[in-house]
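Biologist: Could you take me on a close look at the part of this model where the ligands sit? I would like the surroundings and the contacts, and then a few residues elsewhere that deserve a second glance.

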Amino acid sequence: MKSIIVVGAQWGDEGKGKIVDIYSEFADVVVRSTGGNNAGHTLVVKGDKFVFHLIPSGILHPGKKCVIANGVVVDPKVLLAEIGRLKERGYLKDDGQLKVGLLANIIMPYHILLDRVREEKLGSRKIGTTARGIGPCYEDKIARTGIRACELIRPDTFAEKLRANLELKNFLLKNYYGAEEISFQAVLEEYLGYGELLKPHFVDTSRFLNEEMNRGAKVLFEGAQGTLLDIDHGTYPFVTSSNTTAGGACTGSGVPPTKIGGVVGVSKAYATRVGGGPFPTELFDEEGQRIRDRGNEYGSTTGRPRRCGWFDAPVVRYAHRLNGLSSLALTKLDVLSGLPRVKVCVAYEIGGVRRDEVPLSLAEFEEAKPVYEQVEGWKEDISTAKEFGDLPKAAQKLVRLLEEVSGVEISLVSVGPDRNETIMRKNPFRA
Ligand code: GDP
Ligand code: IMO
Ligand code: MG
């Protein structure tokens, strides 16, 4: 029995979807435990592209069960659209392949509207959220006023909860934000309709997962967002509203930590960030634009250009500390091909003093200047490399340097977006 958590080791968009798709072959069940449709996970299989916001990236593997667990905030409209698109393309033929937690909190129209108007009001101080209602939905969950999946199929309870929520939300929307009020009747009908459609997928996901694991099933947990976006350990307030670190996989799914066999961090060979917040290695020059173009660094959820910079080892070391990484999957190495030299941030300088750790204070993080090490680049196209030894010597040297400065072994190197553009050095399910 071995179950693996895949987490983002940077600021999200590290390529978790692709890595989960690859590891899914060796797992029986794939689970999303945290976040919501703020996530955008892209997979490319034989040239065909798929983007998932809620459905686990294992869904393209026939026979593998996929679970959206209680810790995920679910927008039912988005989920149904995603299910529809998959069915159109010939996948998800059996509804039983996808399970949705009965206790998952539901994203309501007022969450989405509040997310938007709140960001507008913040103006230049905005977080740069994905405007999908994630923060407001998690707030209601913590305030114990949220509406959960099980209530979508109980019309009386749903109506009562919706009425109580709308009383306050409409007051806020109208009087504080000067926005449109939301109609009780329209939402009631729309959401009860979603409940009917999603009902075949609703189960007790914690029970399902634990029973499967007790029978020997291997479970793969698909992290969303990235370590530095964690609500407790990230660059608060420029974070998302859930625990994106490995512990979130357990709390969100109802699977105990004693059943987890390993944690694989995913990191790009450089770094990107979407939205506001500190990013010490950010590039504002042509080199940054070149990485953005070659890496196609535009958000899969919002289409926003991603901020691009060099690999930040203190960030990955921090991710190692918080997640206890067994190994690292390194993505997008191909994007660096053709650069005369590659820089790697190994420490920061803050107030004239060298610092090896990510600072806790936001002000210090914003002030941090990267201390770089530099290695030679390579010119060759590396996307057809199948073994580590197929990589040019300079690329091998960079991978070894990244292992050394992060303190984590690199068990996989991704050299292109497609499933087969991958060098698997070690299989975490067999390690
Ligand atoms: P996620 O949110 O962590 O799943 O990452 P995203 O899917 O948002 O962003 C990663 C992007 O990089 C996607 O468009 C992937 O198809 C692409 N990608 C993943 N691995 C590689 C790689 O090794 N090379 C290149 N060129 N693209 C990759
Ligand atoms: P995946 O799973 C990158 C960022 C947003 C914003 C902050 C808060 O694809 O890696 P939110 O809408 O969650 O309240 O926004 O978090 N963010 C992500 N950035 N990848 C993601 O997901 C993200 N999900 C949220 O850009 O800065
Ligand atoms: Mg993404």
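Modeller: Happy to: what follows goes through the two ligand sites in turn and then through some points of the backbone and a few single residues. Please keep in mind that this is a predicted model.

Let us begin with ligand 2. The space that ligand 2 takes is the largest pocket, and 20 residues surround the ligand there. The closest of them are Asp13, Lys16, His41, Thr130 and Thr240. If you sort this shell by class, you get seven nonpolar, 10 polar and three charged residues.

Oxygen atoms of ligand 2 take part in several polar contacts. On the side-chain side, an N or O atom of asparagine 38 is 2.9 Å from an oxygen atom of the ligand. The backbone contributes too: glycine 40 places a backbone N or O atom 2.9 Å from an oxygen atom of ligand 2, and for glutamine 225 the distance from a backbone N or O atom to a ligand oxygen is 2.8 Å. As for cover, ligand 2 on its own has 550 Å² of accessible area, and the protein covers 97% of it.

Now to ligand 1, which takes the space of the second largest pocket. Here 19 residues lie around the ligand, and Gly15, Lys16, Gly40, Asp334 and Ser414 come nearest. Lys16 is thus a name you have met already, as it is also listed among the closest residues of ligand 2. Gly40 returns as well, having been the glycine with a backbone contact to ligand 2.

By class, the shell around ligand 1 holds three nonpolar, nine polar and seven charged residues. In terms of secondary structure, α1 (16–24) and β3 (41–45) each supply at least two residues of this shell. The helix α1 gives the most, with three residues.

The polar contacts of ligand 1 again run through oxygen atoms of the ligand. Aspartate 13 uses its side chain, with a polar atom 2.9 Å from an oxygen atom of ligand 1. Lysine 16 takes part through its backbone, where a polar atom is 2.7 Å from a ligand oxygen. Threonine 42 also offers a polar backbone atom, at 2.8 Å from an oxygen atom of ligand 1. Taken alone, ligand 1 exposes 580 Å², of which the protein buries 93%.

Serine 414, one of the residues that come nearest to ligand 1, is worth a moment of its own. Its place is in strand β18 (residues 410–414). Serine 414 counts as buried because its relative accessible area is 2%, under the 20% cut-off. Within the protein, a polar atom of the serine 414 side chain lies 3.3 Å from the backbone oxygen of glycine 416.

Next, some backbone angles to check by eye. Most residues other than glycine have a negative phi, and most peptide bonds are trans. Against that background, the peptide bond from tyrosine 236 to proline 237 is cis, with omega near 5°. Proline 237 lies in the loop between β10 (219–222) and α9 (246–253).

Arginine 144 is not a glycine, yet its phi is positive, at about 65°. You will find arginine 144 in the loop between α4 (134–143) and α5 (149–152). Its relative accessibility is 75%, so arginine 144 counts as exposed. Asparagine 296 also has a positive phi, near 50°, and is likewise a residue other than glycine. The loop that holds asparagine 296 runs between α10 (286–294) and β13 (307–312).

Two more residues round off the tour. Leucine 114 is found in helix α3 (residues 109–122) and is buried, with a relative accessible area of 4%. Relative to aspartate 13, leucine 114 is 101 residues away along the chain, and the C-alpha atoms of the two are separated by 25 Å.

Serine 183 sits in the loop between α6 (155–176) and α7 (184–198). At 40% relative accessibility, serine 183 counts as partly exposed. From serine 183 to glycine 133 there are 50 residues in sequence and 17 Å in space, C-alpha to C-alpha.

Key:
Residues numbered from 1 in each chain as written. Chains lettered and ligands numbered in written order. Predicted model: local features only at pLDDT ≥ 70, side-chain atom pairs only at ≥ 80, totals over all residues. Heavy atoms only, no water. Near = heavy atom within 4 Å. Polar contact = N/O pair within 3.5 Å; in protein donor to acceptor, adjacent residues only side chain to side chain. Areas by Shrake-Rupley, 256 points an atom, 1.4 Å probe, with all protein chains shown as cover. 1 Å grid on protein atoms, 1.4 Å probe; cavity = no way out; pocket = protein on both sides within 12 Å on 5 of 7 lines; lining within 4 Å. Sits in = over half its atoms within 2 Å of the grid points. Nonpolar A, V, L, I, M, F, W, Y, C, P; charged D, E, K, R; others polar. Helix = DSSP H or I, 4+ residues; strand = E, 2+ residues; numbered from the N terminus. Buried < 20%, exposed > 50% of the residue type's maximum accessible area, 1.4 Å probe, protein only.
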